[in-house]
Amino acid sequence: MKCFNFTASRDWFYRQSFFAAGLRSVTTDLGDDTVMHCWAPKPYRNEPEARPALVLLHGFGANATWQYGDHLRHLTARFNVYVPDLLFFGESHTAAPGRSEAFQAQCVRRLLAEAHGVRRMSLVGISYGGFVAYSVAAQFPEMVERVVLCCAGVCLEEADMAEGMFRVPDLDEAAAILLPQTPEKLRELMRLSFVKPARGVPSCFLSDFIDVMCTEFVEEKRELIRSILKGRKLSNLPQITQPTLIIWGDQDQIFPLELGYRLKRHLGENADLVIIKNAGHAVNLEKPKEFVKHLKSFLVNSLSSPSSP
C-alpha cells in the first residue's frame, strides 16, 4: 500500500505560497549550456523597482521553497525578493565543469544582473548557500550591501575532518548523509540537523521525500561537496567587507558552532554573531520565529531610506 504523497503535496503548497507572495517562476538560459531557475518579483506598477533587492540562497536538502517558504511573507513587503535554484538543484543545471562555490557565485551574479537587472542586493545564505553568498560578496563587492550567513561553515579547513571536528569520518560518509538515498540515511540527516527531529515517520514517507527531492544530479552534488572541502584553508579565504550577520544553532552537528566563532574572528568588527539556543543545523526550520526576527533586525531596520515602503 502506497503512502500519501506528502512531499509533492507540500511542495505544491510552498510553490503556491511563493505565487501568493507576488513572486513568479522564471527560467533563464545563461548560455554555455547553463540554465538557472529563479523565483523573482512580478513586474507590476513599477513598485518593485523602488524596493531594495534581497537574494535568498538555499542549502542542501529540500529545495529553496521548503527552506524559505515559512519566512517569505515577512520579507516581501520591504524587499524585491529573489530566490534562485543553485546549479544542480530544482530546475537549474549546467554542462560546464565548474563545481566550486566561486563558479556558483558567478552564475548567480549573471542571473541576477543580466536576467533580472539587479545592481545592488543583500544576500542571505543558509549552509551551502552561505558558501555561495560569501563568494558573491567577495567576488562582486560592488553589488552586495549586506550579508547573512546561517550555519555556513565557510571557515572550515580540509584538516578539520581529519582532526575529528565533524560527526562523520570522511567525505564519502558526509555525502551519503547530505544526499540520502535510503530512509536510514535520511533519518540520520534529520538527527544531525535537528535538536528534536520528528520521530516515528513511516519509511514510505521518507522514501517519497527521497524520490522527489534527492534523486536528480546526485553525482554532481557529490562533486559540489568535494569541492567545498578539497584543499580548503582559512588563510586562503578572503575577508568580505560588507556588514555581516552570522546566525548559528548552538547544537549544530553538521557545522559545529566553533566554525561560527572562527568566522566571527575572521571578519572582525564587520560581523555580528547570533547564537540561537536549542537549535541545530536547520535553525531556519527549527526556530523560524527567532530566525526571522534576527533577519528583520539586521536587514529591515538597517534600510537607509526612510521612505522605503
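# Chatting through a predicted model

Guide: Let's start with a strand pairing: Thr28 stands opposite Met36 in E2. Keep in mind that this is a predicted model.

Visitor: OK, which strands pair there, and in what sense?

Guide: Strand E1, residues 23–31, pairs with strand E2, residues 34–41, in the antiparallel sense. Eight bridges join the two.

Visitor: And how many residues sit between E1 and E2?

Guide: Two, and the strands form a hairpin. In the turn, Asp32 has a positive phi of about 55 degrees.

Visitor: Switching topic. How many aromatic pairs are there in the whole structure?

Guide: A search finds 12 aromatic pairs. One of them is Phe131 with Phe255, a tilted pair with 5.8 Å from centre to centre and 45 degrees between the planes.

Visitor: Where do Phe131 and Phe255 sit along the chain?

Guide: In distant parts, 124 residues apart. Phe131 belongs to helix H4 (residues 128–139), while Phe255 is in the loop between strand E8 (244–249) and helix H10 (257–267).

Visitor: Is Phe131 buried or exposed?

Guide: Phe131 counts as buried, because its relative accessibility is 1%. Phe255 is buried too, with a relative accessible area of 11%.

Visitor: Which residues make up the cluster of linked ring pairs?

Guide: Phe60, Phe89, Tyr128, Phe131, Phe166 and Phe255.

Visitor: What about charges sitting over rings? Where is the charged end of Arg146?

Guide: Over the ring of Phe298, 4.2 Å from its centre. Arg109 does something like that with Phe140: its charged end sits over that ring, 5.4 Å from the centre.

Visitor: Now Ser127. Where does it lie?

Guide: Ser127 is in the loop between strand E6 (121–126) and H4. It counts as buried because its relative accessible area is 11%.

Visitor: What does the side chain of Ser127 join up with?

Guide: The side chain of His281, through a polar contact of 2.8 Å. Leaving out residues up to four places away in sequence, Ser127 touches Cys150, Cys151, Ala152, Phe255 and His281.

Visitor: You mentioned cysteines. How many disulfides does the structure hold?

Guide: Zero. Cys150 is in no disulfide, and its nearest cysteine sulfur, that of Cys151, is 4.2 Å away. The cut-off is 2.5 Å between the sulfurs, so that pair does not count.

Visitor: Is Cys150 buried or exposed?

Guide: Buried, at 0% relative accessibility.

Visitor: And how far is the nearest cysteine sulfur from Cys155?

Guide: It is 14 Å away and belongs to Cys151, and Cys155 is in no disulfide. Cys155 is buried, with a relative accessible area of 1%.

Technical notes. Residues are numbered from 1 along each chain as its sequence is written. This is a predicted model: local features need pLDDT of at least 70, side-chain atom pairs count only at pLDDT 80 or more; totals for chains, interfaces and linings use all residues. Side-chain values use heavy atoms; hydrogens and water are left out. Rings of Phe, Tyr and Trp (its six-membered ring) pair if their centres lie within 6.5 Å; planes under 30 degrees apart count as stacked, over 60 as edge-to-face and the rest as tilted. Helices (H or I, at least four residues) and strands (E, at least two) are DSSP runs, numbered from the N terminus. Buried means under 20% relative accessible area, exposed over 50%, partly exposed in between (1.4 Å probe, protein chains only). A charge sits over a ring if NZ of Lys or CZ of Arg is within 6 Å of the ring centre and within 35 degrees of the ring normal. Two strands pair if DSSP finds at least two bridges between them. A polar contact is a pair of N or O atoms within 3.5 Å; within protein, one must be able to donate a hydrogen and the other to accept it, and residues adjacent in sequence count only if both atoms are side-chain atoms. Contact means heavy atoms within 4.5 Å.
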